[in-house]
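Work through the exercises below with the model open beside you. Try each task before you read its solution.

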Amino acid sequence: MTGLLTQPYPSFRGHGIKKEIEKLIAKIFGDYSLEIPDFEWVMHHKSHLGTALGVSHGNSLLFSLDGQGDGESGAIGKTNGESIVELCNFPALDSLGLLYSAVTSRYNFKPTQHEGKITGLAAFGAYSAAVESLLNFVSVKDGCPEIHNIRNLKDRITTKLLRGIGKVNKPVAYTLDEIVQIAESKTINYPDLAFAVQDVLEKSVIEITKFWVQKTSITNIALTGGVFANVKLNQRISELKEVAEIRVFPNMGDGGISVGGVWSWLSERNELVKANLYEDMYLAPELESKTEFLALKSNSLLEIRELSEDEIIIEIVERILKQEVVGVHIGSMEFGPRALGNRSILLDPRNDQITKIVNTRLKRTEFMPFAPVVTAESFATFFETKNKSLQPFEFMTMTCDVKSEFQKYLPGITHVDGTARPQIIYPNHSNRIYYEILKKFESQTGFPILVNTSFNVHEEPINYLFKDSVKALISGAVDCIYTEHGSIENKSQFN
C-alpha cells in the first residue's frame with residue numbers, strides 16, 4: 001500500500017509528517033489489519049507537471065506556474081508523451097502568480113481566490129504608466145522570470161540608508177505589495193492597475209514561452225498551475241506564431257495535483273497509460289438519487305414534478321426563453337473550477353441585461369463576464385481561435401474571439417473586449433440532456449448557444465450537495481431547478 005503526497009513547503013516533508021499521517025490513518029480506521037503504508041513524496045510542481053503530461057499531445061513542453069509550492073513558483077519540463085524531463089524550476093521569490101495576487105489584494109479582493117476578477121476588470125482598463133512601473137521590477141532571463149525586490153537583510157539596510165539620504169536612483173522595493181503600490185501611484189482610473197498586471201503577466205509568459213520553444217524546437221505546449229486559470233493569458237499564448245497548439249489541464253490549480261502526483265509517479269516507472277486518462281471532468285461521487293429528489297415532496301415550500309427526459313429538455317428551453325434563471329443539478333459534480341453543465345445556471349445569451357440581473361441575484365461582482373456553452377459543430381460559426389486543438393474549449397480554460405458579426409446578437413456572453421470563454425460539447429456528450437437543450441434552443445432561436453455560469457452564490461463553492469442547490473432555490477437565487485428526474489420550484493411562484 002503506497003501513499004502519494006504533495007506538500008506545500010519542503011520543511012514539512014520527512015519523518016515527522018509521516019508519523020502524523022500514520023496517526024491520522026489509525027484514528028480514521030481504528031484497529032485494522034492493513035500495514036502502515038509507505039509514502040512517496042512528490043514535489044508540488046512535479047505534480048503539476050504530471051497533470052500537464054496527462055493532457056499533452058506528442059512531444060510537448062510542460063509549463064507549470066502558480067503562486068508557490070515547495071519553495072517554487074513554477075517549472076518547465078518536456079515530454080515525449082510518456083515521461084517528464086524537468087528543464088527549469090522557478091523560485092518562489094520570482095513568482096508571477098504572487099505578483100498578480102498582490103494586485104488582487106490591492107483591490108481588496110481575496111488573494112489566491114479572486115484573481116479571476118482582476119482578469120475580468122483588466123478588459124475595462126487601458127495602458128498607463130503603471131505598465132512600465134511594473135516592468136521596472138519584472139523581467140525574464142534565460143527563460144525564467146525574475147522579480148527585482150530586496151531579498152536579504154544587508155540589502156534592506158543599505159537601501160534604507162540610501163533612501164534616507166536620497167541616493168536611490170533606480171526603482172527598489174522591499175516587497176511585492178510595495179511594487180504594486182508604486183505601480184498604482186502611476187494610475188488614475190480604477191481598472192488600469194488590473195490592466196497593467198495582466199499586460200505584464202502576458203508579456204512575461206510570452207517571453208518565457210518563446211525562449212523554451214526556440215531552445216527545444218517543441219511547439220506543442222501543455223499548461224498547468226493556478227496562473228493558467230487566467231484564460232486570457234492562455235489565449236495570448238495560443239496566438240503566438242511559434243506555438244502550434246496549447247492544451248490546459250481542466251483542474252489546473254492545486255486541486256489537480258492529487259491527480260498529477262499519481263500520474264507523475266507512474267510516468268517515472270513507465271506505468272502511465274495515457275490512453276483515456278480522462279474522458280470528462282464529472283468525477284465527483286454521484287450523491288443525489290431519485291429517492292432524495294422525491295423526498296422533497298414533503299417540503300411545504302416546494303413544488304416537485306417528475307418528468308421524462310424529453311419533458312425536462314422542453315421545459316428548460318421554454319423557461320430560458322421566458323428569461324428565467326434555470327439551475328441544473330445533474331449527476332456527478334465537475335472536478336475543477338468550471339461548471340460544465342452538471343452544476344450550471346443556464347440563461348439566454350441574447351439578453352443584454354441578463355448579466356446584471358443574475359449578478360444581482362447571486363451577489364456577484366458586476367463586471368465579471370458570463371461564459372457560453374455551444375455545440376461543437378457550431379463553434380467555428382460563432383467563434384474563432386488560432387489554437388489547433390479544441391481541448392481547452394471542452395473545459396472553459398481559454399478565451400477566444402466572438403466573431404464580430406455575432407457580438408451584437410450575443411451580448412450575454414460577449415465580454416467588453418470581444419472575447420468569450422466557451423465550453424463546447426459534442427453529440428456524444430456524457431450529459432445528453434445538456435446537449436439536447438442546446439439543440440432545442442437552436443431550433444427556437446437559431447443560436448446553439450446558452451449562457452453557462454456556475455450554480456452557486458457569491459463566495460460559495462459550486463454546489464456539490466443536492467441540498468445546496470435546493471437552498472439556492474429557496475433563497476431566490478434561481479427560479480427553478482432541473483435534475484435528471486424532474487423539476488423543483490418554489491410554491492410561492494404559484495400563488
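Six exercises follow, each with a worked solution.

This is a predicted model, in which local features need pLDDT of at least 70, side-chain atom pairs count only at pLDDT 80 or more, and totals for chains, interfaces and linings use all residues. Residues are numbered from 1 along each chain as its sequence is written, and side-chain values use heavy atoms, with hydrogens and water left out.

**Exercise 1. Overall account**

Task: State how many helices and strands the protein has, and what share of its residues is buried.

Solution. Start with secondary structure. Helices (H or I, at least four residues) and strands (E, at least two) are DSSP runs, numbered from the N terminus. The protein has 18 helices and 20 strands.

Next, burial. Buried means under 20% relative accessible area, exposed over 50%, and partly exposed in between (1.4 Å probe, protein chains only). Of the 495 residues, 55% are buried.

Then the surface. By the Shrake-Rupley method with a 1.4 Å probe, the protein exposes about 22200 Å². Carbon and sulfur atoms supply 51% of that area.

Last, contacts, meaning heavy atoms within 4.5 Å. Take those with a separation of 6 or more: residues 24 or more positions apart account for 70% of them.

**Exercise 2. The eight-stranded sheet**

Task: Give the strand order of the open sheet of eight strands, and find the strands at its edges.

Solution. Define pairing: two strands pair if DSSP finds at least two bridges between them. The order is β10-β20-β19-β11-β12-β18-β13-β17, and the pairing is mixed. β10 (302-306) and β17 (423-425) each have a single partner strand, so one side of each is left without a neighbour in the sheet. Neighbouring strands are turned by 30° against each other on average, direction ignored.

Now look inside the sheet. β11 (residues 326-329) and β12 (residues 343-347) are antiparallel, joined by four bridges. Gly-327 has Ile-345 in β12 as its bridge partner.

Add the helix. α18 (residues 466-474) lies across β10, β11, β19 (480-482) and β20 (486-490). α18 runs at about 40° to β20. For such angles, axes are lines fitted to C-alpha atoms, for helices over the stretch in contact, and values run from 0 to 180 degrees between N-to-C directions.

**Exercise 3. The five-stranded sheet**

Task: Order the strands of the open sheet of five strands, and say which helices lie across its strands.

Solution. The order reads β5-β4-β3-β8-β9, with mixed pairing. β5 (84-91) and β9 (245-248) are the edge strands, each pairing on one side only. From one strand to the next, the twist averages 20°.

Take the β9 end. β8 (residues 220-224) runs parallel to β9, with four bridges between them. Leu-223 is bridged to Val-248 in β9.

Then place the helices. α8 (residues 192-216) lies across β3 (60-69), β4 (72-79), β5 and β8, at about 145° to β3. α9 (residues 231-238) lies across β8 and β9, at about 155° to β9.

**Exercise 4. Two hairpins around β4**

Task: Which residue takes a positive phi in the hairpin of β3 and β4, and which in the hairpin of β4 and β5?

Solution. β3 and β4 are antiparallel over seven bridges. Gly-69 has Glu-72 as its bridge partner in β4. Two residues lie between these strands, and Asp-70 takes a positive phi near 55°.

β4 and β5 are also antiparallel over seven bridges. Lys-78 stands opposite Val-85 in β5. Four residues separate the strands here, and Gly-81 has the positive phi, near 100°.

Finish with the cover on β4: seven of its eight residues are buried.

**Exercise 5. Positive phi in two loops**

Task: Are Asn-108 and Met-396 buried or exposed?

Solution. Asn-108 sits in the loop between α3 (96-106) and α4 (115-122). Its phi is near 65°, positive although the residue is not glycine. Asn-108 counts as exposed because its relative accessibility is 72%.

Met-396 lies in the loop between α15 (391-394) and β15 (400-402). Its phi is near 60°, again positive in a residue other than glycine. Met-396 counts as buried because its relative accessible area is 1%.

**Exercise 6. Cysteines**

Task: How many disulfides does the model hold?

Solution. Apply the rule: a disulfide is a pair of cysteine sulfur atoms within 2.5 Å. The count is zero. Now check burial for two cysteines. Cys-88 is buried at 12% relative accessible area. Cys-480 is buried too, at 0%.
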